[in-house]
Amino acid sequence: MSETLHIIGGGMAGSEAAWQAANAGVDVVIHEMRPKVGTFAHHTGNLAEMVCSNSFRSDDDEQNAVGLLHWEMRAADGLIMATADRHALPAGGALAVDREPFAQSVTDTLRAHPRVTVEDGEITALPSDGKWIIATGPLTSGNLAESIRAETGADALAFFDAIAPIVYAESIDMEKAWFQSRYDKGETEEERKAYLNCPMDKPTYEAFIDALIEADKTEFHEGETAKYFDGCLPIEVMAERGRETLRHGPMKPVGLTNPHQPDVKPWAIVQLRRDNALGTLFNIVGFQTKMKYGAQADVFRMIPGLEDAKFARLGGIHRNTFINSPTLLDDQMRLRSRPNIRFAGQITGVEGYVESAAMGLLAGRMAAAEILGRPIKAPPPETAMGALIHHITGGAEAKTFQPMNVNFGLFPPVDLKGGRRNRPARYKAYTDRAKALWTDWLAAATEAA
């Protein structure tokens, strides 16, 4: 009988870790505090519940590092990617999912696995013995976070992550809005019309910026200090950085033509993306916010087409906690001071659903291999997963360590000249190299098992 692997946290990372370890032949117990102990961001007790966007971002595995990560996870029989594919929604070149059936499917699959047990209840302290993976994510409970701080001798780092609002489709004025993906991207007609677009002229945009800046904001609690993650800035923070920032960010008016006024070029455009399979809910893309609820409704109804918007969920803001992984974890994602404990997911300092699940995949495989007496090495840094694990376990500068999405800047360079004009060829070289090395690593890991 092999030793049982215990996983704290049933989010993206914990769910993927459990799936990988169980399929390797190890008994797994997932300890999930929900629904007994809730959070302000979660609404169910399901595993892998999505609390922010419903997007897994780009699915382009030849030109995008996130798409490459999708490819690697699919090649490794990843549960999160397989489930996302089954519940995919039209999103142009991105992979968006119907969040509720997605989470329910992950939950049902893991609960039905003969080697997986799910135990409801909070783990309040670092375990002293046994094999464990801590995948508690950005909303790690206070008691466990304090136990981690006591063990590591360092304060947890933190940043604030904001949630975008969701609008009922029936409340959107389609005489002003229209369906179109940017540059008509997508292989099907449905994908080429995956986004709703709301145009703004210059006076409307200027008034909107003024309202964002002047709106009542959620205040931080006394003693709380943190930095924002640049990939998920609240929209009002972007507005404060310059009046044109949003027009060159989530509200850029390029690649779109307003069929209601085809001869008029909008000054700015707000995009909404389908949030469920029925098409009854749309989230406002890039509109994470820390405005108070009343202010949100007033400001967002200034957007043409959303004057009578009804919100299924308003935006919010929460604290994301992560450890200083470069100083605390070894290359097997084990806590140096307690090597029976691994960390995985956002708490390690990766950012995003896909990156979190990917680190869960590696942690689950590594833990299972160790338990079975056949340890495996980390994947090469030229792969997407290898680049991420290398970054968080030593590649990043510990003094300035901040959460990171996967990107080609984390990969060892390819020997290809040509500058910006040759970018597509360079990205293709990155992905071709990564796929070959990932395939070799998977084969070696499977043979070792």
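**Exercise 1. The covered side of a helix**

Name the buried residues of helix α9 (residues 293-300) in this predicted model, and then find which elements are among those that cover them.

*Solution.* Step one is to list the residues of helix α9 that count as buried, and these are A295, Q296, A297, V299 and F300. Step two is to look at what lies over them: the cover includes α7 (202-214), β14 (281-284) and β15 (311-313).

**Exercise 2. Two helix pairs**

Describe the packing of α1 with α4 and of α2 with α3 by angle, axis distance and contact residues.

*Solution.* Two packed helices are described by the angle between their axes and the distance between the axes. For helix α1 (residues 12-23) and helix α4 (residues 99-112), the axes come within 11 Å and cross at roughly 35 degrees. The crossing in which α1 passes α4 is left-handed. On the side of α1 the contact is made by M12, S15, A18 and W19, while α4 contributes F102, V106, T109 and L110. Sorting these residues by class gives 6 nonpolar and 2 polar residues, with no charged residues in the contact of α1 with α4.

The second pair consists of helix α2 (residues 65-75) and helix α3 (residues 79-86), whose axes are 7 Å apart and pack at an angle of about 105 degrees. Because angles of 65 to 115 degrees count as roughly perpendicular, α2 and α3 are placed in that category. Here H70, M73 and R74 of α2 meet I80, M81 and D85 of α3. By class, the contact of α2 with α3 holds 3 nonpolar residues, 1 polar residue and 2 charged residues.

**Exercise 3. Salt bridges and their surroundings**

State how many salt bridges the whole structure holds, and then work out for the pairs E355 with R57, E370 with K131, and E244 with R247 how far apart the closest N and O atoms are and whether each partner is buried or partly exposed.

*Solution.* The search over the whole structure returns 23 salt bridges. In the pair of E355 and R57, the closest N and O atoms are 2.6 Å apart. The two residues belong to distant parts of the chain, with E355 in helix α11 (residues 353-371) and R57 in strand β3 (residues 55-58), a separation of 298 residues. Since buried means under 20% relative accessible area, E355 at 0% is buried, whereas R57 at 26% is partly exposed.

For E370 and K131, the side chains meet in a salt bridge with an N to O distance of 3.2 Å. E370 lies in helix α11 and K131 in strand β7 (residues 131-134), so this pair ties together parts that are 239 residues apart in sequence. E370 is partly exposed at 22% relative accessible area, and K131 is also partly exposed, at 21%. Both residues belong to a network of salt bridges that links K131, D330, R334, R342 and E370.

In the remaining pair, the side chains of E244 and R247 meet at 2.9 Å, N to O. E244 is partly exposed, with a relative accessible area of 31%, while R247 counts as buried at 14%.

**Exercise 4. Positive phi angles and a buried alanine**

Locate A48 and M333 in the chain, give the phi value of each, and decide whether they are buried or exposed; then describe the surroundings of A363.

*Solution.* Most residues other than glycine have a negative phi. Against this background, A48 has a positive phi, near 55 degrees. A48 is placed in the loop between β2 (28-32) and β3, and with 0% relative accessibility it counts as buried. M333, which is not a glycine either, has a positive phi of about 70 degrees. M333 lies in the loop between α10 (325-328) and β17 (334-335), and its relative accessible area of 0% makes it buried.

A363 lies in helix α11 and is buried, at 0% relative accessibility. Leaving aside neighbours within four places in sequence, A363 is in contact with I133, M333, R342, F343 and A344. M333 is thus one of the residues that A363 touches, and R342, another of its contacts, is a member of the salt-bridge network noted above. By contrast, the C-alpha atoms of A363 and I303 are separated by 44 Å, with their places 60 residues apart along the chain.

Note on methods. Residues are numbered from 1 along each chain as its sequence is written. This is a predicted model: local features need pLDDT of at least 70, side-chain atom pairs count only at pLDDT 80 or more; totals for chains, interfaces and linings use all residues. Side-chain values use heavy atoms; hydrogens and water are left out. Axes are lines fitted to C-alpha atoms, for helices over the stretch in contact, and angles run from 0 to 180 degrees between N-to-C directions. Helices (H or I, at least four residues) and strands (E, at least two) are DSSP runs, numbered from the N terminus. A crossing is left-handed if the near helix is turned anticlockwise from the far one by less than a right angle, and right-handed if clockwise. Contact means heavy atoms within 4.5 Å. Ala, Val, Leu, Ile, Met, Phe, Trp, Tyr, Cys and Pro count as nonpolar, Asp, Glu, Lys and Arg as charged, and the others, Gly among them, as polar. A salt bridge is a side-chain nitrogen of Lys or Arg within 4 Å of a carboxyl oxygen of Asp or Glu. Buried means under 20% relative accessible area, exposed over 50%, partly exposed in between (1.4 Å probe, protein chains only). Angles under 35 degrees count as roughly parallel, over 145 as roughly antiparallel, 65 to 115 as roughly perpendicular and the rest as oblique.
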